[in-house]
Amino acid sequence: MNTVEFIINGKMVRAVRDECIMKIARENGIPIDGLCYSPELESAGGSCRLCLVEVHEKGKMRVVTSCNYPVRDNIEVKTDTPFIKKIKRNIIELLMAKVPESEVIREIAAREGIEKSRYKHIEFDQPLNKCISCGLCTQVCAEIVGVSAISMINRSYEKTAHTPFKKESAVCIGCGACAYICPTHAIEMKDRDNTRVIWGREFVMQRCKECGIPYIPEAQVSWIVETTGKDRNFFEKCPDCR
Ligand code: SF4
Ligand code: FES
């Protein structure tokens, strides 16, 4: 295994070459905020900008997003300098203005001692009022689920996730992976009796033959059976009763 050694906040650490700084920092007990990083998703990261750190190398300093910057021999990483704190404060205030209803952003702000944003909230036709346009939901839908029922729409400040033309998606299977991964809980998913509603579409849930709990959308079962050849009978019982 190709390993490297570098310094982070004054501590020498060893890591696998090309791992991202954020992962190694967290493994070494150094917390770095970040809402758009997921180790399971290849294309995740680089959008929320909350994870900025200083990288010092050969007498030069660069500010980089630690969730997608690879560790290298002999670099020195600083995560909490006054300069980083100042930039991060600005990013948090921008996010507070963009999604004032997000509890997650408010928690991060409170931790940094920020009570209110200097920026004004701009109203626009935003169906997901807590969306920070990180793209995790569209990435999990495309890369892990393999369905691509949602995509990023609009640009700049108004960029957000949605189904094509904001209409019911014909290919959505109601699995809810997008809602689970969303860092700000922007995507509404309601399970009631044997029905799930997500992205404006209703899905019938299959009940477990053993305990009777509705536990998976029928559309998701059909999709798994069709794409993997798995036996449909496997889904008769929920994971707890299998
Ligand atoms: S809905 Fe959530 S996961 Fe999707 S882009 Fe917005 S914040 Fe990210
Ligand atoms: S976690 Fe790095 S930019 Fe969002």
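The following exchange asks how several descriptions of this predicted model are reached.

Author: This is a predicted model, in which local features need pLDDT of at least 70 and side-chain atom pairs count only at pLDDT 80 or more, while totals for chains, interfaces and linings use all residues. Residues are numbered from 1 along each chain as its sequence is written, and chains are lettered from A and ligands numbered from 1 in the order in which they are written.

Reader: What makes Lys130 count as buried or exposed?
Author: A residue is buried if 20 or more other C-beta atoms, placed from the backbone, lie within 10 Å of its own, exposed if 12 or fewer do, and partly exposed in between. Lys130 has 20 other C-beta atoms within 10 Å, and is therefore buried. Lys130 lies in the loop between α3 and α4 (136–145), helices being DSSP runs of H or I with at least four residues and strands runs of E with at least two, both numbered from the N terminus.

Reader: Which residues does Lys130 touch, beyond those up to four places away in sequence?
Author: With contact defined as C-beta atoms, placed from the backbone, that lie within 7 Å, Lys130 touches Val99, Glu101, Ser102, Thr184, His185 and Ala186.

Reader: Why is Arg232 given its burial class?
Author: Arg232 has 11 C-beta neighbours inside 10 Å, so that Arg232 counts as exposed. Arg232 lies in the segment after α6 (218–228), and, leaving aside residues up to four places away in sequence, Arg232 touches Val221 and Val225.

Reader: What sets Asn74 and Ser148 apart in burial class?
Author: Asn74 is exposed because 11 other C-beta atoms lie within 10 Å, whereas Ser148, with 14 C-beta neighbours inside 10 Å, counts as partly exposed. Asn74 is found in the loop between β4 (60–65) and β5 (76–78), and has a positive phi of about 70° although it is not a glycine. Ser148 lies in the loop between α4 and β6 (151–153), and its phi is positive at about 60°, although Ser148 is not a glycine.

Reader: How do you know where the buried residues of α2 fall around the helix?
Author: The buried residues of α2 are Lys88, Ile92, Leu95, Met96 and Lys98. Seen down the axis of α2, these buried residues fall within an arc of 155° (the arc of the directions from the helix axis to the C-beta atoms), so they line one face of the helix. On the other side of α2, Pro82 and Lys86 are exposed, while what covers the buried residues includes β3 (52–57) and α3 (103–111).

Reader: How is the span of α2 set against the expected one?
Author: The expected span of a helix is 1.5 Å times one less than its number of residues. Helix α2 (residues 82–98) has 17 residues and reaches 24 Å from its first C-alpha to its last, close to the 24 Å expected.

Reader: What places a residue in the shell around ligand 1, and how is that shell divided by class?
Author: A residue is near a molecule if its C-beta atom, placed from the backbone, lies within 6 Å of it. On that basis 13 residues surround ligand 1, the closest being Cys131, Cys134, Cys137, Ala161 and Cys182. Ala, Val, Leu, Ile, Met, Phe, Trp, Tyr, Cys and Pro count as nonpolar, Asp, Glu, Lys and Arg as charged, and the others, Gly among them, as polar; the shell accordingly divides into 10 nonpolar, three polar and no charged residues.

Conventions. Two residues are in contact if their C-beta atoms, placed from the backbone, lie within 7 Å.
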